[in-house]
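Grab a pencil and work through the exercises below. Each one sets a task and then walks through a solution.

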Amino acid sequence: MSETIEVVSPSNLKVIGKVKRMSRDDVRAQIEEADKGFEDISSLPLYKRTAILKRASDIIEREKERLARLLALEAGKPIKDARVEVTRASRLFRQAGEEAVFVLEGKNYRVDGYEYPPGNENRIVVSQREPLGVVSAILPFNFPVNSFAHKVAPAIAVGNSVVVKPSINTPLSALEMAKILVEAGLTEKAIRVVTGYSKEIGDELYTHPSISLVTLTGSTQTGLMIASKAVSLGKRIIMELGGSDPIIVLEDADIERSSSISVRARYEYAGQNCNAGKRIIVREEIYERFVSSFEKKVKELRVGDPLDENTDVGPVINRESVENLNSVIDDAKSKGGKVEILNKGPDNGHFFPLTAVLKPSLDMLVTKTEVFGPVAPIIPVKSDEEAIQVANSTDYGLQSAVFTKDVNRALRISKALKFGAVIINDSTRLRWDSLPFGGFKKTGIGREGVRDTMLEMTENKLVSITLL
(Lines give C-alpha, C1' and ligand atoms only; values in the text may rest on other atoms or scores of the structure.)
Protein backbone atom coordinates (compact mmCIF):
# COMPACT_ATOMS: atom_id res chain seq x y z
CA MET A 1 0.00 0.00 0.00
CA SER A 2 1.34 3.40 -0.98
CA GLU A 3 2.32 5.64 1.94
CA THR A 4 1.49 8.80 0.00
CA ILE A 5 -1.43 10.12 -2.04
CA GLU A 6 -0.94 12.14 -5.19
CA VAL A 7 -2.86 15.42 -5.51
CA VAL A 8 -3.99 15.87 -9.11
CA SER A 9 -5.13 19.15 -10.66
CA PRO A 10 -8.64 18.68 -12.13
CA SER A 11 -7.86 21.14 -14.94
CA ASN A 12 -4.97 19.26 -16.56
CA LEU A 13 -4.71 15.96 -14.57
CA LYS A 14 -1.10 16.73 -13.58
CA VAL A 15 0.27 15.77 -10.18
CA ILE A 16 0.85 18.96 -8.19
CA GLY A 17 1.84 17.45 -4.84
CA LYS A 18 1.78 14.49 -2.48
CA VAL A 19 0.44 14.05 1.04
CA LYS A 20 0.84 11.35 3.63
CA ARG A 21 -1.66 8.51 3.56
CA MET A 22 -2.27 8.42 7.29
CA SER A 23 -3.53 5.41 9.21
CA ARG A 24 -5.94 5.42 12.15
CA ASP A 25 -2.94 5.13 14.46
CA ASP A 26 -1.45 8.25 12.85
CA VAL A 27 -4.71 10.14 13.33
CA ARG A 28 -5.00 8.96 16.91
CA ALA A 29 -1.53 10.33 17.60
CA GLN A 30 -2.46 13.70 16.04
CA ILE A 31 -5.60 13.94 18.19
CA GLU A 32 -3.54 13.18 21.29
CA GLU A 33 -1.15 15.98 20.32
CA ALA A 34 -4.12 18.32 19.89
CA ASP A 35 -5.33 17.32 23.35
CA LYS A 36 -2.00 18.55 24.75
CA GLY A 37 -2.33 21.64 22.57
CA PHE A 38 -5.69 22.39 24.16
CA GLU A 39 -4.01 22.72 27.54
CA ASP A 40 -1.67 25.33 26.05
CA ILE A 41 -4.14 27.40 24.05
CA SER A 42 -6.96 27.39 26.60
CA SER A 43 -4.59 28.85 29.19
CA LEU A 44 -3.52 31.70 26.90
CA PRO A 45 -5.07 35.08 27.73
CA LEU A 46 -7.65 36.11 25.16
CA TYR A 47 -5.57 39.04 23.95
CA LYS A 48 -2.76 36.66 23.01
CA ARG A 49 -5.09 34.36 21.09
CA THR A 50 -6.64 37.27 19.20
CA ALA A 51 -3.18 38.63 18.41
CA ILE A 52 -2.30 35.29 16.79
CA LEU A 53 -5.45 35.43 14.65
CA LYS A 54 -4.75 38.99 13.53
CA ARG A 55 -1.16 38.10 12.60
CA ALA A 56 -2.49 35.11 10.67
CA SER A 57 -4.83 37.46 8.81
CA ASP A 58 -1.88 39.65 7.84
CA ILE A 59 0.18 36.66 6.66
CA ILE A 60 -2.70 35.31 4.55
CA GLU A 61 -3.03 38.71 2.92
CA ARG A 62 0.71 38.80 2.30
CA GLU A 63 0.61 35.32 0.75
CA LYS A 64 -2.66 35.88 -1.12
CA GLU A 65 -1.34 35.35 -4.63
CA ARG A 66 0.57 32.18 -3.75
CA LEU A 67 -2.42 30.71 -1.92
CA ALA A 68 -4.82 31.69 -4.71
CA ARG A 69 -2.65 29.97 -7.33
CA LEU A 70 -2.45 26.83 -5.19
CA LEU A 71 -6.22 26.92 -4.76
CA ALA A 72 -6.75 27.33 -8.51
CA LEU A 73 -4.48 24.37 -9.22
CA GLU A 74 -5.82 21.87 -6.70
CA ALA A 75 -9.51 22.86 -6.69
CA GLY A 76 -9.87 24.05 -10.30
CA LYS A 77 -11.27 27.37 -9.09
CA PRO A 78 -10.72 30.28 -11.51
CA ILE A 79 -7.89 32.45 -10.22
CA LYS A 80 -10.05 35.57 -9.85
CA ASP A 81 -12.50 33.62 -7.65
CA ALA A 82 -9.62 31.99 -5.76
CA ARG A 83 -8.32 35.45 -4.81
CA VAL A 84 -11.74 36.34 -3.41
CA GLU A 85 -11.76 33.18 -1.30
CA VAL A 86 -8.32 33.89 0.15
CA THR A 87 -9.27 37.50 0.91
CA ARG A 88 -12.41 36.32 2.71
CA ALA A 89 -10.33 33.91 4.78
CA SER A 90 -7.95 36.67 5.79
CA ARG A 91 -10.82 38.90 6.88
CA LEU A 92 -12.49 36.03 8.69
CA PHE A 93 -9.43 35.43 10.88
CA ARG A 94 -9.42 39.12 11.74
CA GLN A 95 -13.16 39.14 12.46
CA ALA A 96 -12.77 36.16 14.80
CA GLY A 97 -10.03 38.00 16.67
CA GLU A 98 -12.13 41.14 16.96
CA GLU A 99 -15.43 39.51 17.94
CA ALA A 100 -14.19 36.97 20.48
CA VAL A 101 -14.16 39.54 23.27
CA PHE A 102 -17.89 40.17 22.79
CA VAL A 103 -18.87 36.49 22.53
CA LEU A 104 -16.87 35.58 25.64
CA GLU A 105 -17.85 38.52 27.83
CA GLY A 106 -20.40 36.53 29.87
CA LYS A 107 -23.43 37.86 31.72
CA ASN A 108 -24.50 39.04 35.18
CA TYR A 109 -27.92 37.66 36.21
CA ARG A 110 -30.28 39.53 38.55
CA VAL A 111 -31.28 36.50 40.57
CA ASP A 112 -32.80 38.73 43.24
CA GLY A 113 -35.76 38.84 40.87
CA TYR A 114 -36.55 35.20 41.68
CA GLU A 115 -38.17 34.08 44.95
CA TYR A 116 -36.73 30.60 44.66
CA PRO A 117 -34.26 29.40 45.73
CA PRO A 118 -34.40 31.40 48.97
CA GLY A 119 -31.63 33.88 49.66
CA ASN A 120 -31.17 35.22 46.14
CA GLU A 121 -30.85 38.77 47.47
CA ASN A 122 -27.48 37.69 48.86
CA ARG A 123 -26.20 36.07 45.69
CA ILE A 124 -24.26 37.16 42.63
CA VAL A 125 -24.64 34.84 39.63
CA VAL A 126 -22.57 35.27 36.50
CA SER A 127 -22.00 33.16 33.40
CA GLN A 128 -18.83 32.64 31.47
CA ARG A 129 -18.13 30.79 28.25
CA GLU A 130 -15.39 28.17 28.28
CA PRO A 131 -13.78 26.18 25.42
CA LEU A 132 -14.85 22.59 24.81
CA GLY A 133 -11.52 20.92 24.05
CA VAL A 134 -10.44 19.38 20.75
CA VAL A 135 -12.51 20.29 17.69
CA SER A 136 -12.60 17.96 14.69
CA ALA A 137 -12.99 20.03 11.51
CA ILE A 138 -13.88 18.08 8.35
CA LEU A 139 -13.55 20.26 5.25
CA PRO A 140 -15.15 20.11 1.79
CA PHE A 141 -13.18 20.30 -1.45
CA ASN A 142 -14.91 23.40 -2.79
CA PHE A 143 -13.74 25.99 -0.22
CA PRO A 144 -10.57 24.52 1.28
CA VAL A 145 -9.22 27.91 2.41
CA ASN A 146 -12.39 29.64 3.52
CA SER A 147 -13.88 26.55 5.20
CA PHE A 148 -10.61 26.16 7.08
CA ALA A 149 -11.00 29.74 8.28
CA HIS A 150 -14.68 29.32 9.18
CA LYS A 151 -13.97 26.32 11.39
CA VAL A 152 -10.50 27.01 12.76
CA ALA A 153 -10.50 30.76 13.47
CA PRO A 154 -13.50 30.72 15.86
CA ALA A 155 -12.19 27.56 17.55
CA ILE A 156 -8.79 29.14 18.23
CA ALA A 157 -10.37 32.41 19.31
CA VAL A 158 -12.33 30.76 22.12
CA GLY A 159 -9.45 28.51 23.20
CA ASN A 160 -10.04 25.16 21.50
CA SER A 161 -7.42 23.16 19.64
CA VAL A 162 -8.32 21.76 16.21
CA VAL A 163 -7.67 18.64 14.15
CA VAL A 164 -8.40 19.41 10.50
CA LYS A 165 -9.29 16.76 7.92
CA PRO A 166 -9.26 18.34 4.44
CA SER A 167 -10.80 16.70 1.40
CA ILE A 168 -8.39 14.29 -0.24
CA ASN A 169 -8.91 16.32 -3.43
CA THR A 170 -7.70 19.60 -1.87
CA PRO A 171 -5.37 18.93 1.09
CA LEU A 172 -2.52 21.27 0.11
CA SER A 173 -4.34 24.49 0.98
CA ALA A 174 -5.16 23.25 4.49
CA LEU A 175 -1.54 22.30 5.12
CA GLU A 176 -0.44 25.78 4.05
CA MET A 177 -3.03 27.45 6.28
CA ALA A 178 -1.82 25.45 9.28
CA LYS A 179 1.75 26.57 8.58
CA ILE A 180 0.56 30.18 8.53
CA LEU A 181 -1.05 29.82 11.96
CA VAL A 182 2.16 28.41 13.38
CA GLU A 183 4.10 31.28 11.80
CA ALA A 184 1.63 33.63 13.48
CA GLY A 185 2.55 32.20 16.87
CA LEU A 186 0.15 29.33 17.46
CA THR A 187 1.66 26.24 19.05
CA GLU A 188 1.88 23.37 16.56
CA LYS A 189 0.02 21.11 18.96
CA ALA A 190 -3.09 23.29 18.74
CA ILE A 191 -3.52 22.90 14.97
CA ARG A 192 -3.04 19.47 13.43
CA VAL A 193 -3.87 18.47 9.85
CA VAL A 194 -4.55 14.84 9.01
CA THR A 195 -4.52 13.54 5.45
CA GLY A 196 -5.79 10.30 4.02
CA TYR A 197 -8.87 8.49 2.80
CA SER A 198 -12.00 9.04 4.87
CA LYS A 199 -12.93 5.35 4.68
CA GLU A 200 -9.61 4.51 6.37
CA ILE A 201 -9.29 7.25 9.00
CA GLY A 202 -12.59 9.13 9.17
CA ASP A 203 -14.14 7.19 12.03
CA GLU A 204 -11.39 8.29 14.42
CA LEU A 205 -12.29 11.95 13.86
CA TYR A 206 -15.74 11.63 15.40
CA THR A 207 -15.37 8.71 17.82
CA HIS A 208 -12.06 9.43 19.60
CA PRO A 209 -12.69 10.21 23.31
CA SER A 210 -10.72 13.47 23.14
CA ILE A 211 -12.89 14.97 20.39
CA SER A 212 -15.46 17.32 21.91
CA LEU A 213 -17.11 18.78 18.81
CA VAL A 214 -17.31 17.74 15.17
CA THR A 215 -17.86 20.43 12.54
CA LEU A 216 -18.38 19.20 9.01
CA THR A 217 -19.24 20.66 5.64
CA GLY A 218 -20.21 17.94 3.20
CA SER A 219 -22.97 15.80 1.80
CA THR A 220 -26.19 15.14 3.69
CA GLN A 221 -25.68 11.38 3.63
CA THR A 222 -22.18 11.57 5.09
CA GLY A 223 -23.06 14.32 7.55
CA LEU A 224 -26.08 12.60 9.06
CA MET A 225 -24.14 9.33 9.45
CA ILE A 226 -21.32 11.15 11.26
CA ALA A 227 -23.76 13.22 13.32
CA SER A 228 -25.59 10.13 14.59
CA LYS A 229 -22.36 8.48 15.69
CA ALA A 230 -20.94 11.65 17.26
CA VAL A 231 -24.11 12.52 19.19
CA SER A 232 -24.42 8.95 20.47
CA LEU A 233 -21.01 9.51 22.08
CA GLY A 234 -22.04 12.81 23.64
CA LYS A 235 -20.17 15.07 21.22
CA ARG A 236 -21.35 18.45 19.94
CA ILE A 237 -21.92 18.85 16.21
CA ILE A 238 -22.15 21.57 13.58
CA MET A 239 -23.26 20.11 10.24
CA GLU A 240 -23.42 22.19 7.05
CA LEU A 241 -24.82 19.70 4.56
CA GLY A 242 -26.57 19.56 1.21
CA GLY A 243 -28.53 22.26 -0.59
CA SER A 244 -30.69 22.67 -3.67
CA ASP A 245 -31.25 26.40 -3.56
CA PRO A 246 -34.12 27.75 -5.67
CA ILE A 247 -34.16 31.03 -7.57
CA ILE A 248 -37.73 32.25 -8.10
CA VAL A 249 -38.19 34.77 -10.91
CA LEU A 250 -41.61 36.43 -10.97
CA GLU A 251 -43.20 37.95 -14.06
CA ASP A 252 -42.48 41.55 -13.01
CA ALA A 253 -38.74 40.92 -12.46
CA ASP A 254 -35.99 42.61 -14.45
CA ILE A 255 -35.16 39.80 -16.89
CA GLU A 256 -31.68 41.00 -17.77
CA ARG A 257 -30.62 41.41 -14.16
CA SER A 258 -32.25 38.24 -12.86
CA SER A 259 -30.85 36.12 -15.69
CA SER A 260 -27.33 37.55 -15.22
CA ILE A 261 -27.38 36.82 -11.50
CA SER A 262 -28.87 33.36 -12.09
CA VAL A 263 -26.09 32.46 -14.55
CA ARG A 264 -23.45 33.43 -12.03
CA ALA A 265 -25.27 31.72 -9.14
CA ARG A 266 -25.56 28.45 -11.06
CA TYR A 267 -22.25 28.22 -12.93
CA GLU A 268 -19.73 29.94 -10.65
CA TYR A 269 -17.03 27.41 -9.75
CA ALA A 270 -18.70 24.98 -12.18
CA GLY A 271 -21.81 24.85 -10.01
CA GLN A 272 -19.96 23.32 -7.05
CA ASN A 273 -21.02 25.79 -4.35
CA CYS A 274 -23.27 24.66 -1.52
CA ASN A 275 -25.43 27.78 -1.93
CA ALA A 276 -25.40 27.81 -5.72
CA GLY A 277 -28.74 28.58 -7.37
CA LYS A 278 -29.39 24.95 -8.29
CA ARG A 279 -33.02 25.25 -9.45
CA ILE A 280 -34.42 28.19 -11.40
CA ILE A 281 -38.19 28.63 -11.11
CA VAL A 282 -39.73 31.12 -13.56
CA ARG A 283 -43.26 32.40 -14.04
CA GLU A 284 -44.55 31.09 -17.38
CA GLU A 285 -45.46 34.63 -18.54
CA ILE A 286 -41.74 35.42 -19.00
CA TYR A 287 -40.31 31.89 -19.27
CA GLU A 288 -39.24 32.00 -22.93
CA ARG A 289 -37.71 35.48 -22.64
CA PHE A 290 -35.86 34.52 -19.48
CA VAL A 291 -34.49 31.30 -21.02
CA SER A 292 -33.32 33.20 -24.12
CA SER A 293 -31.49 35.79 -22.01
CA PHE A 294 -30.06 33.13 -19.67
CA GLU A 295 -28.72 30.92 -22.47
CA LYS A 296 -27.18 33.85 -24.30
CA LYS A 297 -25.21 34.81 -21.19
CA VAL A 298 -24.08 31.22 -20.53
CA LYS A 299 -22.68 30.98 -24.05
CA GLU A 300 -20.60 34.10 -23.37
CA LEU A 301 -18.82 32.55 -20.36
CA ARG A 302 -15.20 31.52 -20.82
CA VAL A 303 -14.57 27.93 -19.76
CA GLY A 304 -10.97 26.83 -19.39
CA ASP A 305 -7.69 26.97 -17.48
CA PRO A 306 -8.29 28.20 -13.88
CA LEU A 307 -4.97 30.09 -13.95
CA ASP A 308 -6.09 32.16 -16.96
CA GLU A 309 -7.22 35.60 -15.76
CA ASN A 310 -10.09 35.55 -18.27
CA THR A 311 -11.56 32.20 -17.21
CA ASP A 312 -15.06 32.31 -15.73
CA VAL A 313 -15.65 28.58 -15.21
CA GLY A 314 -13.16 25.78 -14.61
CA PRO A 315 -13.48 22.00 -14.29
CA VAL A 316 -15.42 19.94 -11.79
CA ILE A 317 -13.33 18.33 -9.10
CA ASN A 318 -12.85 14.73 -10.29
CA ARG A 319 -13.91 11.87 -12.55
CA GLU A 320 -16.56 10.71 -10.07
CA SER A 321 -18.23 14.10 -10.33
CA VAL A 322 -18.30 13.87 -14.13
CA GLU A 323 -19.89 10.44 -13.93
CA ASN A 324 -22.54 11.63 -11.43
CA LEU A 325 -23.43 14.55 -13.68
CA ASN A 326 -23.72 12.27 -16.70
CA SER A 327 -26.17 10.15 -14.70
CA VAL A 328 -28.26 13.25 -13.98
CA ILE A 329 -28.35 14.17 -17.66
CA ASP A 330 -29.20 10.60 -18.74
CA ASP A 331 -32.04 10.54 -16.18
CA ALA A 332 -33.44 13.84 -17.48
CA LYS A 333 -33.36 12.61 -21.07
CA SER A 334 -35.04 9.33 -20.18
CA LYS A 335 -37.90 11.22 -18.51
CA GLY A 336 -38.51 13.59 -21.41
CA GLY A 337 -36.44 16.57 -20.35
CA LYS A 338 -35.11 18.95 -22.98
CA VAL A 339 -31.34 18.99 -22.42
CA GLU A 340 -29.33 21.78 -24.03
CA ILE A 341 -25.52 21.93 -24.09
CA LEU A 342 -24.74 25.65 -23.94
CA ASN A 343 -20.97 25.86 -23.51
CA LYS A 344 -18.22 23.23 -23.70
CA GLY A 345 -14.80 23.49 -22.16
CA PRO A 346 -11.47 21.87 -23.09
CA ASP A 347 -11.26 18.14 -23.75
CA ASN A 348 -8.48 17.63 -21.20
CA GLY A 349 -9.20 17.62 -17.48
CA HIS A 350 -12.51 17.14 -15.70
CA PHE A 351 -14.49 19.74 -17.63
CA PHE A 352 -18.26 19.29 -17.86
CA PRO A 353 -20.39 21.17 -20.41
CA LEU A 354 -22.50 24.05 -19.09
CA THR A 355 -25.96 22.57 -19.49
CA ALA A 356 -29.60 23.59 -19.11
CA VAL A 357 -32.60 21.29 -18.68
CA LEU A 358 -35.77 23.02 -19.83
CA LYS A 359 -39.24 22.31 -18.40
CA PRO A 360 -38.05 19.40 -16.25
CA SER A 361 -40.45 17.32 -14.17
CA LEU A 362 -40.12 17.17 -10.39
CA ASP A 363 -39.31 13.45 -10.43
CA MET A 364 -35.99 14.01 -12.23
CA LEU A 365 -32.69 13.83 -10.36
CA VAL A 366 -31.89 17.32 -11.62
CA THR A 367 -34.80 18.80 -9.63
CA LYS A 368 -35.13 16.54 -6.58
CA THR A 369 -31.47 15.99 -5.61
CA GLU A 370 -28.49 18.23 -4.99
CA VAL A 371 -26.67 18.51 -8.33
CA PHE A 372 -23.08 19.58 -7.68
CA GLY A 373 -22.09 20.74 -11.15
CA PRO A 374 -22.92 23.08 -14.04
CA VAL A 375 -26.43 21.85 -14.84
CA ALA A 376 -29.35 24.29 -14.60
CA PRO A 377 -32.96 23.07 -14.51
CA ILE A 378 -35.30 25.92 -15.48
CA ILE A 379 -38.85 25.21 -14.32
CA PRO A 380 -41.95 27.14 -15.50
CA VAL A 381 -44.75 27.81 -12.98
CA LYS A 382 -48.21 29.33 -13.32
CA SER A 383 -48.55 31.02 -9.92
CA ASP A 384 -46.70 32.19 -6.83
CA GLU A 385 -48.22 29.27 -4.92
CA GLU A 386 -46.80 26.80 -7.42
CA ALA A 387 -43.40 28.52 -7.24
CA ILE A 388 -43.39 28.08 -3.46
CA GLN A 389 -44.49 24.46 -3.74
CA VAL A 390 -41.72 23.64 -6.23
CA ALA A 391 -39.11 25.51 -4.18
CA ASN A 392 -40.04 23.59 -1.01
CA SER A 393 -40.27 20.22 -2.78
CA THR A 394 -36.78 18.94 -1.89
CA ASP A 395 -35.22 17.67 1.35
CA TYR A 396 -32.98 20.72 1.50
CA GLY A 397 -33.41 24.26 2.77
CA LEU A 398 -30.17 26.25 2.70
CA GLN A 399 -30.74 29.52 0.82
CA SER A 400 -33.24 30.85 -1.71
CA ALA A 401 -33.78 33.90 -3.89
CA VAL A 402 -36.83 35.79 -5.14
CA PHE A 403 -36.75 38.34 -7.97
CA THR A 404 -39.62 40.84 -8.16
CA LYS A 405 -40.23 44.58 -8.10
CA ASP A 406 -42.94 44.08 -5.45
CA VAL A 407 -41.19 43.82 -2.08
CA ASN A 408 -44.44 43.10 -0.21
CA ARG A 409 -45.05 40.15 -2.52
CA ALA A 410 -41.49 38.95 -2.00
CA LEU A 411 -41.90 39.11 1.77
CA ARG A 412 -45.13 37.10 1.62
CA ILE A 413 -43.33 34.45 -0.43
CA SER A 414 -40.29 34.49 1.87
CA LYS A 415 -42.50 33.65 4.83
CA ALA A 416 -43.63 30.47 3.07
CA LEU A 417 -40.16 29.38 1.93
CA LYS A 418 -38.49 26.79 4.20
CA PHE A 419 -34.92 28.01 3.89
CA GLY A 420 -32.27 29.41 6.20
CA ALA A 421 -32.09 32.60 4.13
CA VAL A 422 -34.26 34.30 1.54
CA ILE A 423 -32.37 36.73 -0.69
CA ILE A 424 -34.65 39.24 -2.41
CA ASN A 425 -33.46 40.53 -5.79
CA ASP A 426 -29.98 39.05 -5.48
CA SER A 427 -28.04 35.81 -5.58
CA THR A 428 -28.39 32.73 -3.39
CA ARG A 429 -24.60 32.96 -3.25
CA LEU A 430 -24.72 35.92 -0.86
CA ARG A 431 -23.12 35.08 2.47
CA TRP A 432 -21.95 37.30 5.31
CA ASP A 433 -19.16 35.49 7.14
CA SER A 434 -20.06 36.91 10.56
CA LEU A 435 -23.81 36.20 10.26
CA PRO A 436 -25.65 32.89 10.81
CA PHE A 437 -25.36 30.46 7.89
CA GLY A 438 -27.28 27.21 7.71
CA GLY A 439 -30.63 25.81 6.75
CA PHE A 440 -33.82 23.87 7.31
CA LYS A 441 -34.61 20.17 6.94
CA LYS A 442 -31.66 17.97 5.86
CA THR A 443 -29.45 20.92 5.02
CA GLY A 444 -27.75 20.81 8.38
CA ILE A 445 -27.65 21.06 12.14
CA GLY A 446 -26.59 24.27 13.87
CA ARG A 447 -25.28 27.43 12.27
CA GLU A 448 -21.92 28.68 11.05
CA GLY A 449 -20.85 32.32 11.13
CA VAL A 450 -18.09 33.75 13.32
CA ARG A 451 -20.22 34.50 16.39
CA ASP A 452 -22.56 31.51 16.03
CA THR A 453 -19.62 29.14 15.62
CA MET A 454 -17.94 30.51 18.75
CA LEU A 455 -21.14 29.98 20.72
CA GLU A 456 -21.43 26.41 19.42
CA MET A 457 -17.79 25.77 20.33
CA THR A 458 -18.08 26.89 23.96
CA GLU A 459 -19.86 25.79 27.14
CA ASN A 460 -21.94 28.27 29.13
CA LYS A 461 -21.00 27.93 32.80
CA LEU A 462 -22.91 29.56 35.67
CA VAL A 463 -20.95 30.69 38.75
CA SER A 464 -22.96 31.55 41.88
CA ILE A 465 -21.48 33.48 44.80
CA THR A 466 -23.38 33.64 48.10
CA LEU A 467 -22.34 36.72 50.08
CA LEU A 468 -21.54 35.88 53.71
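## Exercise 1: Helix 2 and its neighbours

Task: find which helices the buried residues of helix 2 pack against.

Solution. Step one is the answer itself: the buried residues of helix 2 pack against helix 1 (24-42), helix 3 (64-75), helix 4 (79-103), helix 5 (146-158) and helix 6 (171-183). Contact here means heavy atoms within 4.5 Å. Helices (H or I, at least four residues) and strands (E, at least two) are DSSP runs, numbered from the N terminus.

A word on the model: it is predicted, so local features need pLDDT of at least 70 and side-chain atom pairs count only at pLDDT 80 or more, while totals for chains, interfaces and linings use all residues. Residues are numbered from 1 along each chain as its sequence is written, and side-chain values use heavy atoms, with hydrogens and water left out.

Step two, list the buried residues: Arg 49, Thr 50, Ile 52, Leu 53, Ala 56, Ser 57, Ile 59 and Ile 60. Buried means under 20% relative accessible area, exposed over 50%, and partly exposed in between (1.4 Å probe, protein chains only). Now for the general rule: an α-helix has 3.6 residues a turn, so residues three or four places apart point the same way.

Step three, check the length. Helix 2 (residues 46-62) has 17 residues and spans 24 Å from first C-alpha to last, close to the 24 Å expected at 1.5 Å a residue. That expected span is 1.5 Å times one less than the number of residues.

## Exercise 2: Unusual backbone spots

Task: say where Leu 13 and Tyr 269 sit, and whether each is buried or partly exposed.

Solution. Start with the rule: most residues other than glycine have a negative phi, and most peptide bonds are trans. Leu 13 has a positive phi near 65° and lies in the loop between strand 1 (4-8) and strand 2 (15-20). Its relative accessible area is 45%, so Leu 13 is partly exposed.

Tyr 269 also has a positive phi, about 50°, in the loop between helix 10 (255-267) and strand 11 (277-283). With a relative accessible area of 1%, Tyr 269 is buried.

## Exercise 3: A cis bond

Task: which residues does a cis peptide bond join, and where is the proline?

Solution. The bond joins Tyr 116 and Pro 117, with omega about 0°. Pro 117 belongs to the loop between strand 3 (107-109) and strand 4 (123-131).
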